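Reader: I'd like to go through this one with you, question by question. Could you put it up so we can both look?

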Amino acid sequence: MPSYPVAQIRRAEQLALASGRALMPLAGRAAAEFIAARFPPDHTVLALAGPGNNGGDALEAAARLLALGFAVRVLLPSDPVRLPPDAARAWSGWLAAGGQAQSALTPGDIPDIVIDGLFGIGLNRTLDADWQALVDTVNSWNVPVLSLDVPSGIDADTGAALGRPIQANWTLSFIAATAGLSRPGPGQIAAGERHVDTLGVILSPDA
């Protein structure tokens, strides 16, 4: 599977956005269809939505899965008022679809499936104590996890662990796979089975 530096993927993303393409709804649909192709709608899904656009992708996926008949909950630990614009629109769409969100996990309420949209390709710092506690709890459940772009807690360029990362069953990367998931080490281990959806974005060598 070809892999690329984060900066190259970002450039392709910005060019697509500048052309008027709305990528976040496409990413959310791709994630939802990934889940729906593997599980019937009698399964419960917990979407972990972080403070950036990775969280927006998870919110779009949550709304789509709700429409498909899944029982979906969203965990949004950060203040939704501080979400970036595209993610804020995804948040509004989730609420308009009848969805609700919680800011903390409910003890003992373990879902069948988790969508990891906490941190994407922009994470460059070690998980702080609160985020780490959340990741540790999710890992302890031993339920199927789909990570979006990269498992939360992994440096997308180097594959280094920025704390104890989410241990995913699958990682669905958008536009292209990042270099950090192709190198032997924590990133490749945490990613599980790796998949890519280009979202129709062409990533050329000089993108």
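Author: Before we start, a word on the element names, such as those used for a loop between a helix and a strand: helices (H or I, at least four residues) and strands (E, at least two) are DSSP runs, numbered from the N terminus. Keep in mind too that this is a predicted model.

Reader: Fine. How many helices and strands are there in the protein chain?

Author: Going by those runs, the protein chain splits into two kinds of element. The count comes to six helices and nine strands.

Reader: What radius of gyration does the protein chain have, and what would a compact globule give?

Author: The C-alpha trace spans about 45 × 35 × 35 Å along its principal axes. With 207 residues, a compact globule would come out near 17 Å, so the chain's own value agrees with that. The radius of gyration of the protein chain is 16 Å.

Reader: And what share of the residues counts as buried?

Author: Buried here means under 20% relative accessible area. Of the 207 residues in the protein chain, the share that counts as buried is 48%.

Reader: On to the sheet. In what order do the strands of the open sheet come?

Author: Take the pairs one by one. β2 (residues 44-49) is joined to β3 (residues 71-75) by five bridges, and β3 pairs with β4 (residues 101-102) over two. Further along, β5 (residues 113-117) and β6 (residues 145-148) share three bridges, and three more join β6 to β7 (residues 170-174). The pairing is parallel, and the seven strands form an open sheet in the order β4-β3-β2-β5-β6-β7-β9.

Reader: Which strands of that sheet stand at the edges?

Author: Look for strands with a single partner, because one side of such a strand is left without a neighbour in the sheet. The two that stand at the edges are β4 and β9 (193-197).

Reader: Which residue stands opposite Val74 in β4?

Author: Val74 lies in strand β3. It counts as buried, since its relative accessibility is 1%. Leu75 stands opposite Gln102 in β4, while the residue opposite Val74 is Ala101.

Reader: How do β2 and β3 connect, and what is the hand of that β-α-β unit?

Author: The helix involved is α3 (residues 53-67), which makes a β-α-β unit with β2 and β3. In the pairing of these two strands, Val45 stands opposite Val72. The hand of the unit is right-handed.

Reader: Which helix takes the chain from β5 to β6?

Author: Val114 in β5 stands opposite Val145 in β6, and these two strands pair in the parallel sense. Together with the helix they make a right-handed β-α-β unit. The helix is α5 (residues 129-141).

Reader: Which residues of β6 point the other way from Val145 and Ser147?

Author: In a regular strand the side chains alternate between the two faces of the sheet. In β6, Val145 and Ser147 point one way, and all four residues of the strand are buried. Ser147 stands opposite Thr171 in β7. Pointing the other way are Leu146 and Leu148.

Reader: Now the backbone. Is Asn142, with its positive phi, buried or exposed?

Author: Asn142 lies in the loop between α5 and β6. Its phi is near 60°, a positive value in a residue other than glycine. The relative accessible area is 71%, and the cut-off is over 50%, so Asn142 is exposed.

Reader: And Leu199, buried or exposed?

Author: Leu199 is found in the segment after β9. It also has a positive phi of about 60° although it is not a glycine. With a relative accessible area of 8%, Leu199 is buried.

Reader: Last topic. Which element gives the most to the lining of the largest pocket?

Author: This pocket has a volume of about 550 Å³. It is lined by 27 residues, with Arg10, Glu13, Asn53, Asn54 and Asp149 nearest its centre. The elements giving two or more residues to the lining are α1 (6-18), α2 (23-36) and α3. With five residues, the one that gives the most is α1.

Reader: How does the lining divide into nonpolar, polar and charged residues?

Author: Arg10, Glu13 and Asp149 are among the residues nearest the centre, and Asp, Glu, Lys and Arg count as charged. For the lining of the largest pocket, the division is 14 nonpolar, seven polar and six charged.

How values were computed:
Residues are numbered from 1 along each chain as its sequence is written. This is a predicted model: local features need pLDDT of at least 70, side-chain atom pairs count only at pLDDT 80 or more; totals for chains, interfaces and linings use all residues. Side-chain values use heavy atoms; hydrogens and water are left out. Two strands pair if DSSP finds at least two bridges between them. A crossover is right-handed if, with the strands pointing away from the viewer, the path from the first strand over the helix to the second runs clockwise. On a 1 Å grid over the protein atoms alone, a cavity is a set of points where a 1.4 Å probe fits but cannot get out, and a pocket is an open set with protein on both sides within 12 Å along at least five of seven lines; lining residues have an atom within 4 Å of a point. Grid points are joined across faces, edges and corners, and a volume is the space filled by probe spheres set on the points. The radius of gyration is taken over C-alpha atoms; the globule rule is 2.2 Å times the number of residues to the power 0.38. Buried means under 20% relative accessible area, exposed over 50%, partly exposed in between (1.4 Å probe, protein chains only).
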